[in-house]
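User: Could you take a close look at one part of this model for me, the buried charged and polar side chains and what they pair with? I'd like a connected walk-through rather than a list.

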Amino acid sequence: MNNNNETNQKKGEYHIDKMFSEILETETMNILDGSDLLQDDLIKEEKERILKMAIGKIGVESEDKNTISLQPRKKKRKILTVALIAIVAFVTTAFAAEIFQWDARISNYFGIEEYNSADLSGGGMNVGISAENNGVTIEAVQTIGDANNLYILLDITAPEDKVIYPNTGFDALYLQVEGATSLGYSFDMLDDDNENDNDNKATILVYMDANEKINNGKMISLKFKDLRHYINGDWVTDIEGEWNLKWKLDYEDISTKYSIEKILMVDGETVNIDSVSISPIALNVQISGSYIEKHDLKPLEPGIEELIQITAIELKDGTVLTQKDASMWGISTRGTKCVLNMQMKKLIDVDQVKSITLNDTKIVL
């Protein structure tokens, strides 16, 4: 009798393992197809759906084993009850833990909310790398990026007897990314929600674009030199020193790519619009043609604008975003190819983008 009980218990454990495996497979598919299951807090309907799935499987197992003696059935039911509790815990904690937690300052800057947080989570990365010199610490806290663009949130902390003013900056900022031959970058001082502007802390947001993919394990290096502030028409150095930060960029490309293959006329010449990539934070356009190299070799004349510019992004509801809605834009050229970048101040709903305009030419996506 004991041997039979032991055998039946092992069968019950086997079916529990199978049940866990099937539920995990189902929920994994939900992740891949973009369902809203993985939120910080599961909604009531999602919890009921998973519980119903588990209970349904328990019911099937019970019906299949009607001939099992009473004692093994009780043991099996006990095991399955424990499994049910484990499933609930698994869904409400383990799954929720996978959601990327955005720093409130990045959330406020871009307008990240609960409904779009999960869609953006793949493009986020916690850094936690810092450098200290002469009592000043600069820490890279978090990033949000796509294949060619990146925003970096940094905290600056000076000694308590020093002041970091709202118009603080650096004598120099150098940024490099492995494999990128052309970079554009700048930074803004963010509001740290401190009532006292003259304290020893500050938050800055560095934004950059590159002509090559940067998100697939490339190393990024930042160097800051001499903390200073602007007053009465001049820069005053507060603390001298250098701060060097370096880490590997490891996050997903959250862009949607469109193959265009259309001709664009510039200066009476033709170039090819190869592709357009749109992420919630930026727009990137790949262009090629012999005239790009020819134009790039010409002497730069004052007042002459870029060869090609992103002048507008039209949404399906009629909203038109221009360079005024961007934090930075520009063009990087290498030989017969160039990349146009436009980084946005607020998030773009990629699904709502209807067209983009290059110079005066509209490209419907």
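Analyst:
**Buried charges and their partners**

Asp103 counts as buried because its relative accessibility is 17%, under the 20% cut-off. Keep in mind that this is a predicted model. So what does Asp103 form a salt bridge with? The partner is Arg105, and the closest N and O atoms of the two are 2.9 Å apart. Arg105 also forms a salt bridge with Asp155, with 2.5 Å between the closest N and O atoms. That second pair ties together distant parts of the chain: Arg105 sits in helix α4 (residues 104–110) and Asp155 in strand β3 (residues 149–157), 50 residues apart. Put together, Asp103, Arg105 and Asp155 make up a network of salt bridges.

The total for the model is five salt bridges. Another one of them joins Glu314 to Lys362, where the closest N and O atoms are 3.1 Å apart. Here too the pair links distant parts of the chain, with Glu314 in strand β12 (residues 310–315) and Lys362 in strand β17 (residues 361–364), 48 residues apart. Glu314 has a relative accessible area of 17%, so it counts as buried.

Now for a buried charge that goes without. Asp199, in the loop between β5 (183–190) and β6 (201–210), is buried yet has no salt bridge. The nearest side chain of opposite charge belongs to Lys201, and it's 7.2 Å away; a salt bridge needs the nitrogen within 4 Å of the carboxyl oxygen. What the side chain of Asp199 does reach is the backbone nitrogen of Lys201, at 3.3 Å.

On to an uncharged case, Asn211, which is placed in the loop between β6 and β7 (216–231). Asn211 counts as buried because its relative accessibility is 10%. Its side chain makes a polar contact with the side chain of Thr181 at 2.8 Å, and the Asn211 side chain also reaches the backbone nitrogen of Ser182 at 3.2 Å.

One last stop is the empty space. Searching the whole structure turns up two cavities of 30 Å³ or more, and the second largest has a volume of about 40 Å³. Its lining includes Glu306, Gln309, Trp329 and Asn341. β14 (326–334) and β15 (337–344) are the elements that give two or more residues to that lining, and β14 gives the most, with three. Sorted by class, the lining of this second largest cavity has five nonpolar, three polar and one charged residues.

How values were computed:
Residues are numbered from 1 along each chain as its sequence is written. This is a predicted model: local features need pLDDT of at least 70, side-chain atom pairs count only at pLDDT 80 or more; totals for chains, interfaces and linings use all residues. Side-chain values use heavy atoms; hydrogens and water are left out. On a 1 Å grid over the protein atoms alone, a cavity is a set of points where a 1.4 Å probe fits but cannot get out, and a pocket is an open set with protein on both sides within 12 Å along at least five of seven lines; lining residues have an atom within 4 Å of a point. Grid points are joined across faces, edges and corners, and a volume is the space filled by probe spheres set on the points. Helices (H or I, at least four residues) and strands (E, at least two) are DSSP runs, numbered from the N terminus. Ala, Val, Leu, Ile, Met, Phe, Trp, Tyr, Cys and Pro count as nonpolar, Asp, Glu, Lys and Arg as charged, and the others, Gly among them, as polar. Buried means under 20% relative accessible area, exposed over 50%, partly exposed in between (1.4 Å probe, protein chains only). Lys and Arg count as positive and Asp and Glu as negative; His and the chain ends are not counted. A polar contact is a pair of N or O atoms within 3.5 Å; within protein, one must be able to donate a hydrogen and the other to accept it, and residues adjacent in sequence count only if both atoms are side-chain atoms.
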